[in-house]
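Dear colleague,

I am passing on to you the structure we spoke about, with its sequence, and below it I set out what a search for enclosed space turned up. Please read the notes with the structure open beside them.

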Amino acid sequence: MLLNLHVQNLALIDEIEVEFGDHLNILTGETGAGKSILLGSMNAALGNKISKDMIRPGADFALVELLFHVEQESVLERLQELDIDVVEGEVLLSRKIMNRRNICKINGSTATVAKLKEVAGLLIDIHSQNEHQSLLHKNNHLKILDEYSKEESGELMGRIGVLYKSYIADKKELEDKFEGNNQSKRELDFITYEIAEIENAHLVEGEDDLLERQYKKMVNARQIMENVSTIYSITGYDDRSSAGSQLGQALSELSSIERFDEDLEPLREQLETVEAVLNDFNRDLSGYMSSMEFDEEEFREVDDRLDLINGLKNKYGQTIEAIFEYLEELEEKKEHILHFEENKKALQKKIAATKKELQALCEQLSAIRKKNAKKLCKQMTKALEDLNFLDVVFTMEFGSTKDFTANGTDEAIFCISTNPGLPVRPLHEVASGGELSRIMLAIKSVLADVDQVDTLIFDEIDSGISGRTAQKVSEKMCVIAGSHQVIAITHLPQIAAMADNHYLIEKKVEGAVTRTEIVELDQQDSVMELARMLGGVEVTEAVEHSAKEMKELALQAKSYK
């Protein structure tokens, strides 16, 4: 369940902290007080989109934190699979919104928005004011049924999804490679020619770089030899003015006077080292000059080999590695052509087998769905009757898709009749806005019995209802709150009266600053808030008495108190 909400610098909120309790938590307040901002902050912490314009003016960031306590073993196991370190059942979701980026964290560790959403989906379910409009889209009806029957059908749906992915991939391969693809002898001959051309070149990875260096050396051999010869002459011993000769003369002079001063010995040793290095350099340079001797035949071989390799590069790839990759593709094409009919029949056989297996699994899934649809519709009928649909008929009609889908072959739609004598018709054709909100509440109440999510949030689910129907809605929410934590934003006193924990959202103006604040109401303050909701601007003694009576009757109606 949700233990704590902390919001800082978000829109009109300077900083608020709310501790929620068990069962039914009700939030009320005047229109414009900031109830939607509070819900938006929760959505932000759960990974949903939020505008950077929501950062409070003058602040550098906005922060939202939600602290949960988890006890369900299945949820704890899933969190462990997601590498979430849970200590004493506590999970802290936080999101820091800044101008350039957002930072999401789970128990202090940075997380992606996607992971934040996945974890949030295990902990909380938010029903926004307009979510009931999703019931107008029949594609959502099958999703609701699958959510209801997931314990029985979940694994089967997973198998169908994997098999369907393979089925589609194989069909695409058949279409791309085999359908309408008449391979000719000419194409086979051309592929064979290209393979032979590449293979006959006997390419070696890296040889092009080596040949380029050799070619560059050979082309510039004359310039290299002239310069190297000059260097050899300058550093050698053939001329009295060369470095080697001069160095030898210096060493001789130094040796002749060394006997007069012992301090000259280390200098003489240094000079000998210099002469040895220069001598080694000259010897290596002489070896290099010898290696530069090559004939025209050798140059022509390097030139021809480079021309061959560059020609292959122009045709098959910019590098030798790319040419080898192209060769692999050619060999695959050749194999494909040589065994065209054989491969086509094998793929068709595989698709037929997959289709047969898919069909069997989809029939199993369909049977499970239809069985659970009867149970769901029976529970929905009871839930709708509790919500003041007195003569309701609620059913689910099935059809079939033209081909397989990742969710099987079923199409399903909710149908309803809310008045005696009227035929059952598709939900989207007959339900009004107020009826849709109650139907969604009925769905939530039924799914709550099979769902592991502990916390449910309802944002003004009372839209479009009043009177006795509002009372029925409050009683149904109270039933849900018996086994779940429920947080509800409402304008109706009938629902607010059921609160186990009542919070007031207020907008306060101090000078030029406007702030949204939230406070938990005690029993007396809760009664006064109910009186305000009942009486409007003026709260009379009679209105206050009515509010107190509503609160007492609500307490008597709670089965968990």
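Please keep in mind throughout that this is a predicted model. I begin with the smaller of the spaces I want to describe, the second largest cavity, which encloses about 40 Å³. Its lining is made up of Leu27, Leu38, Leu39, Met42, Ile457, Ile487 and Ile489, and when these residues are sorted by character, seven are nonpolar, with no polar and no charged residue in the lining. Two elements, helix H1 (35-45) and strand S13 (485-489), each supply at least two residues of the lining of this second largest cavity, and of the elements it is H1 that gives the most, with three residues.

Taking the structure as a whole, there are two cavities of 30 Å³ or more, and the largest cavity has a volume of about 50 Å³. Ten residues line the largest cavity, and those closest to its centre are Met1, Val70, Gln72, Leu123 and Asp454. Strand S4 (61-69) and helix H3 (113-123) are the elements that give two or more residues to this lining. In character, the lining of the largest cavity divides into six nonpolar, three polar and one charged residue, whereas the lining of the second largest cavity has seven nonpolar residues and neither polar nor charged ones.

When you look through the model, you might start from Met42 and Ile487, which are among the residues that line the second largest cavity, and then turn to Gln72 and Asp454, which are among the residues closest to the centre of the largest cavity.

With best wishes

Technical notes:
Residues are numbered from 1 along each chain as its sequence is written. This is a predicted model: local features need pLDDT of at least 70, side-chain atom pairs count only at pLDDT 80 or more; totals for chains, interfaces and linings use all residues. Side-chain values use heavy atoms; hydrogens and water are left out. On a 1 Å grid over the protein atoms alone, a cavity is a set of points where a 1.4 Å probe fits but cannot get out, and a pocket is an open set with protein on both sides within 12 Å along at least five of seven lines; lining residues have an atom within 4 Å of a point. Grid points are joined across faces, edges and corners, and a volume is the space filled by probe spheres set on the points. Helices (H or I, at least four residues) and strands (E, at least two) are DSSP runs, numbered from the N terminus. Ala, Val, Leu, Ile, Met, Phe, Trp, Tyr, Cys and Pro count as nonpolar, Asp, Glu, Lys and Arg as charged, and the others, Gly among them, as polar.
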